[in-house]
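Dear colleague,

Please find below the structure I am handing over to you. A short account of the findings follows it.

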Amino acid sequence: FPAALHASQFDAGAEGFGAGAWRLPSVEEVVLLMQHRRLNANDETPDPVNDTLKEMGKTSLYASSIWLWTSCEHSVNYAFSYDGSYGVVSTSSKCGTYSVRPVSAL
């Protein structure tokens with residue numbers, strides 16, 4: 001599954017947070033990460049997670065229309081994803097192309 005592979009290969013550039021330390025978040029984790037985002041006029045979010053990514057030179061994955069994969073499967077052909085336009089979780093075909101927001105234990 002490409003989304004899980006991309007998440008596991010993420011490298012934050014800090015000791016202990018290189019490739020292999022990351023994974024796809026569960027539905028609950030995606031909701032927690034995204035529930036307090038506040039978009040400003042430039043479609044950016046002033047929050048600690050996003051600010052840290054920017055300081056590290058990494059690309060922010062926040063956008064008003066972002067779709068994020070989760071690690072939770074709905075069926076053989078569908079997985080749960082987060083719809084940033086409406087702030088809801090839905091099912092999506094595993095053939096879809098969405099973003100990955102990797103998470104790691106701190």
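How exposed is glutamate 29, by its relative accessibility? In this predicted model, glutamate 29 has a relative accessibility of 26%. It therefore counts as partly exposed, since that class lies between the limits of 20% for buried and 50% for exposed.

The partner of glutamate 29 is arginine 23: their side chains form a salt bridge, with 2.8 Å from N to O. Arginine 23 has a relative accessibility of 39% and is therefore also classed as partly exposed.

The structure contains two salt bridges in total. Besides the pair just described, glutamate 73 and lysine 94 form a salt bridge, and their closest N and O atoms are 2.4 Å apart. Glutamate 73 belongs to strand S1 (residues 67–73), whereas lysine 94 is in the segment after strand S3 (88–93), so this salt bridge ties together parts that are 21 residues apart in sequence. Lysine 94 has a relative accessible area of 22% and is partly exposed.

As for the cysteines, the model has zero disulfides. Cysteine 72 is partly exposed, at 22% relative accessibility. Cysteine 95, at 73% relative accessibility, counts as exposed because its value is over the 50% limit.

In brief, the points to take from this predicted model are the salt bridge between arginine 23 and glutamate 29, the salt bridge between glutamate 73 and lysine 94, and the absence of disulfides.

With kind regards

Technical notes
Residues are numbered from 1 along each chain as its sequence is written. This is a predicted model: local features need pLDDT of at least 70, side-chain atom pairs count only at pLDDT 80 or more; totals for chains, interfaces and linings use all residues. Side-chain values use heavy atoms; hydrogens and water are left out. A disulfide is a pair of cysteine sulfur atoms within 2.5 Å. Buried means under 20% relative accessible area, exposed over 50%, partly exposed in between (1.4 Å probe, protein chains only). A salt bridge is a side-chain nitrogen of Lys or Arg within 4 Å of a carboxyl oxygen of Asp or Glu. Helices (H or I, at least four residues) and strands (E, at least two) are DSSP runs, numbered from the N terminus.
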